[in-house]
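Q: Here is a model I would like to understand better. Please take a close look at one part of the surface, and then go on from there to the charged pairs and the residues packed inside.

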Amino acid sequence: MPAGSAVFAERSSGPWPKSMKHTSRSIIEKKKQGKRITALSLYDYPSARIAEEAGVDLLMVGDSVGMVFLGQPSTRDVTVEDILYHTRAVTRAARQTFVVADMPIHSYEDPETALQNAKRFIDEGGADAVKLEGGIKIQPQIQKLVAAGIPVMGHLGLLPQSTGSQFHVHGKTPEEAKAILDDAKALDRLGVFAIVLECVPATLAAAVTQAVPCPTIGIGAGAGTDGQVLVLQDILGIRSSVSPRFVRRYAKLEEIMKKAIRGYCRDVLRGKFPSHKESF
Ligand code: KIV
């Protein structure tokens, strides 16, 4: 039995075989056991299948889908239907991995709207949890979701739904740092199971991580958080725009893809594809 297996749940529905699956409790347990949490933001079935086989703990269907996958200028044009569509694709592949659907802009403007949309991500999308950007300002929304039994992930620091495509470090002044720390404590008290810290100084992220019992997942927040998340396309090197400084590329897939596509086109143009063996 794997460590912490008592807090894994048996997935009881869905078209896939029953298997042990991460839950919000097993994610929290990882922090208690001093184990780091691995997370990726991705949006499609084959990527989710590969990420699960590679052993990632948590998948986010981030609203970064707008910029990374749909060619939009920011995350602000992403709709509930977009996240639902991509969440369904990801949850079809994720049998053990915990899936968090990102609630897009305007989908949680008041507690009732938040509940209706969160329920759709869980019931129709198959997500295990939802993520909302913001601190104490969205307390009523978080209370509503937690009271309904929906696992909620918080998101502090850089909030792309507010800042658009502007990327800069948040929490550099003592006032900003205190506000982020206070928001993190408030989110934890409200019952979120984890908090994303985006683009904040490493010292602040480490201080937040020490201050709250729930796990922190950093992106551009240094090494002192309980886990890390990056966008899959960024680590694979297939993102067209310039990557932020906090991204580490583990592959140059864009070059590999171009080479393969050029090879295919060359063979078609020269009449070398398909061959006799590839024909009926
Ligand atoms: O939209 C997203 O992908 C995210 C994660 C990177 C945290 O919010």
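A: Val268 counts as partly exposed, because its relative accessibility of 38% falls between the 20% and 50% cut-offs. Keep in mind that this is a predicted model. Val268 belongs to helix H11, and together with Tyr264 and Phe273 it makes a nonpolar surface patch of about 290 Å².

Helix H11 has a charged side to its story too. The helix covers residues 253-269, and Arg266 is part of it. Arg266 joins Lys259, Arg270 and Lys272 in a patch of positive charge on the surface. Its relative accessibility is 41%, so Arg266 is classed as partly exposed. Val268 and Arg266 are thus both residues of H11, with Val268 contributing to the nonpolar patch and Arg266 to the positive one.

Let us go on to charges that do find a partner. Side chains of opposite charge can pair when their charged atoms come close. In this model the count comes to 11 salt bridges, and a few of them are worth following in detail.

Start with a pair inside one helix. Arg49 and Glu53 form a salt bridge, and their closest N and O atoms are 3.6 Å apart. Both residues sit in helix H2 (residues 45-54), and because they are four residues apart there, about one helical turn separates them. Their surroundings can be compared as well: Arg49 has a relative accessible area of 34%, which makes it partly exposed, while Glu53, at 62%, counts as exposed.

Other pairs reach across the sequence. The side chains of Arg88 and Glu124 meet in a salt bridge with an N to O distance of 3.7 Å. Arg88 is in helix H4 (residues 80-93), whereas Glu124 is in the loop between helix H5 (111-123) and strand E6 (129-131), so this pair ties together parts that are 36 residues apart in sequence. Both partners are partly exposed, with a relative accessible area of 27% for Arg88 and 36% for Glu124. The pair does not stand alone: Arg88 and Glu124 are linked with Glu81 and Arg120 in a network of salt bridges.

Helix H5 also takes part in a link of its own. Glu112 forms a salt bridge with Lys144, the closest N and O atoms being 3.4 Å apart. Here the distant parts are helix H6 (residues 139-147), which holds Lys144, and helix H5, which holds Glu112, and the two residues are 32 residues apart. Again both ends are partly exposed, with Lys144 at a relative accessible area of 32% and Glu112 at 39% relative accessibility.

Now turn from the surface to helix H1. The buried residues of this helix are Ser24, Ser26, Ile27, Lys30 and Lys31. Their cover includes strand E3 (37-41), strand E4 (58-61), strand E5 (98-102) and helix H9 (202-211). Ser24 is a good residue to pause at. Helix H1 spans residues 24-32, with Ser24 among them, and Ser24 has a relative accessible area of 19%, which places it just inside the buried class, because the cut-off is under 20%. Leaving aside neighbours within four places in sequence, Ser24 is in contact with Phe98, Pro151 and Phe193. Just after H1, Gly34 takes a positive phi of about 70°.

Gln233 gives another view of the interior. It lies in helix H10 (residues 232-236), and at 7% relative accessibility it counts as buried. Not counting residues up to four places away in sequence, Gln233 touches Tyr43, Val68, Phe69, Ile238 and Arg239.

Last comes a loop. Gly220 lies between strand E9 (216-219) and strand E10 (227-231), and with a relative accessible area of 25% it is partly exposed. Gly220 still has contacts beyond its neighbours up to four places away in sequence, namely Cys199, Val200 and Phe246. Computed along the chain in residues, Gly220 and Ala205 are 15 apart, and their C-alpha atoms are 9.6 Å apart in space.

Key: Residues are numbered from 1 along each chain as its sequence is written. This is a predicted model: local features need pLDDT of at least 70, side-chain atom pairs count only at pLDDT 80 or more; totals for chains, interfaces and linings use all residues. Side-chain values use heavy atoms; hydrogens and water are left out. Patches are made of residues with over 30% relative accessible area and no salt bridge: like charges are joined within 9 Å, nonpolar side chains (Val, Leu, Ile, Met, Phe, Trp, Tyr) within 5 Å. Accessible areas come from the Shrake-Rupley method with a 1.4 Å probe; for residues, only the protein chains shown count as cover. A salt bridge is a side-chain nitrogen of Lys or Arg within 4 Å of a carboxyl oxygen of Asp or Glu. Lys and Arg count as positive and Asp and Glu as negative; His and the chain ends are not counted. The place of a charge is taken as NZ of Lys, CZ of Arg, CG of Asp or CD of Glu. Buried means under 20% relative accessible area, exposed over 50%, partly exposed in between (1.4 Å probe, protein chains only). Contact means heavy atoms within 4.5 Å.
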